[in-house]
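Please look through the sequence and the model below before reading on. The paragraphs that follow go from charged pairs to a surface patch, a strand residue and the confidence of the prediction.

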Amino acid sequence: MNKKPLLLLLALTIFMIGYWIPEDRHVPVANAKPYAGSPAVYGYKVGGISAQKGINIFADQGAAVVAVTSGLVLYREDTPQGESSVWVLGAKWRLHHYANLDKVEVKPASWVKTGEKIGTIGTAKQAKPVAANLYYSIRSLPPLVTEWKAEQPLGLEQVFYVNPHEFLTAYQNEGKPAH
């Protein structure tokens, strides 16, 4: 009996399960604040050599960071410089990256629920100015070909990233009346 069709069907089923899991969302930091007088809580830069594919969410040092969505903690990194980060695999095969953490309270191969504390905010040790913030980005494992925009400087790389600002603000604006 040929097992290749069964293995292919199994792989396809596992892949599709990633899309069937509901993607609930939660803001990662309560009481986020504007930075340097700017009215924006989020900082997002697209394009150029130092393109940032995530956002900086500014808050007080030691503020709690919670999981944006449920998922499997795949990786935890603690650098010699004292910076910590966590990668969580969530629904739709998206990797949620939480960086500039001061303390991490989750372990690899553990499951986190939406809103569960994963750590506390620290500062980026190599960045100037050194304001306390969470760097948050979302990477999609399968390419999001509908997101490709030829005029954007990131080129094809952009199809592997979800704009975290839009991801979080779309959640926050759901159910609110339009102005």
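**Salt bridges and surroundings**

The structure holds 5 salt bridges. These belong to a predicted model, and the pairs described here are best followed one at a time on the display.

One of them joins the side chains of Lys-92 and Glu-23, with a nitrogen-to-oxygen distance of 3.8 Å. This pair connects distant parts of the chain, since Lys-92 lies in the loop between strand 5 and strand 6 (94-104) while Glu-23 lies in the loop between helix 1 and strand 1, 69 residues apart. Lys-92 is partly exposed, with a relative accessible area of 29%, whereas Glu-23, at 17%, is buried because its value falls under the 20% limit. Both residues also take part in a network of salt bridges that links Glu-23, Arg-25, Lys-92 and Arg-94.

A further salt bridge is formed by the side chains of Asp-78 and Arg-76, at 3.2 Å from N to O. Asp-78 is partly exposed, with a relative accessible area of 45%, and Arg-76 is likewise partly exposed, at 30%.

The side chains of Glu-105 and Lys-117 meet in another salt bridge, at 3.4 Å from N to O. Here, too, distant parts of the chain are linked, with Glu-105 in the loop between strand 6 and strand 7 (111-112) and Lys-117 in strand 8 (residues 117-123), 12 residues apart. Glu-105 counts as partly exposed at 47% relative accessibility, as does Lys-117 at 35%.

Arg-76 leads on to Ser-85, because Arg-76 is among the residues that Ser-85 contacts beyond its neighbours within four places in sequence, together with Tyr-75, Glu-77, His-97, Tyr-98, Ala-99 and Leu-101. Ser-85 sits in strand 5 (residues 84-90), and its relative accessible area of 6% makes it buried.

On the surface, Leu-12, Phe-15, Met-16, Ile-17, Tyr-19, Trp-20 and Ile-21 make a nonpolar patch of about 650 Å². Ile-17, one of these residues, is found in helix 1 (residues 4-20) and is partly exposed, with a relative accessible area of 39%.

How far does the confidence extend? The chain averages a pLDDT of 78, and 72% of the residues score at least 70. Among the elements of the chain, strand 3 (residues 64-66) has the highest mean pLDDT, 95, and strand 1 (residues 42-44) the lowest, 47. Over residues 36-44 the pLDDT is below 50, although this stretch has 25 contacts in the model beyond near neighbours in sequence. Where pLDDT is low, the predicted coordinates should not be read in detail.

Key. Residues are numbered from 1 along each chain as its sequence is written. This is a predicted model: local features need pLDDT of at least 70, side-chain atom pairs count only at pLDDT 80 or more; totals for chains, interfaces and linings use all residues. Side-chain values use heavy atoms; hydrogens and water are left out. Helices (H or I, at least four residues) and strands (E, at least two) are DSSP runs, numbered from the N terminus. Buried means under 20% relative accessible area, exposed over 50%, partly exposed in between (1.4 Å probe, protein chains only). Contact means heavy atoms within 4.5 Å. Patches are made of residues with over 30% relative accessible area and no salt bridge: like charges are joined within 9 Å, nonpolar side chains (Val, Leu, Ile, Met, Phe, Trp, Tyr) within 5 Å. Accessible areas come from the Shrake-Rupley method with a 1.4 Å probe; for residues, only the protein chains shown count as cover. A salt bridge is a side-chain nitrogen of Lys or Arg within 4 Å of a carboxyl oxygen of Asp or Glu. pLDDT is the predictor's confidence in each residue, from 0 to 100.
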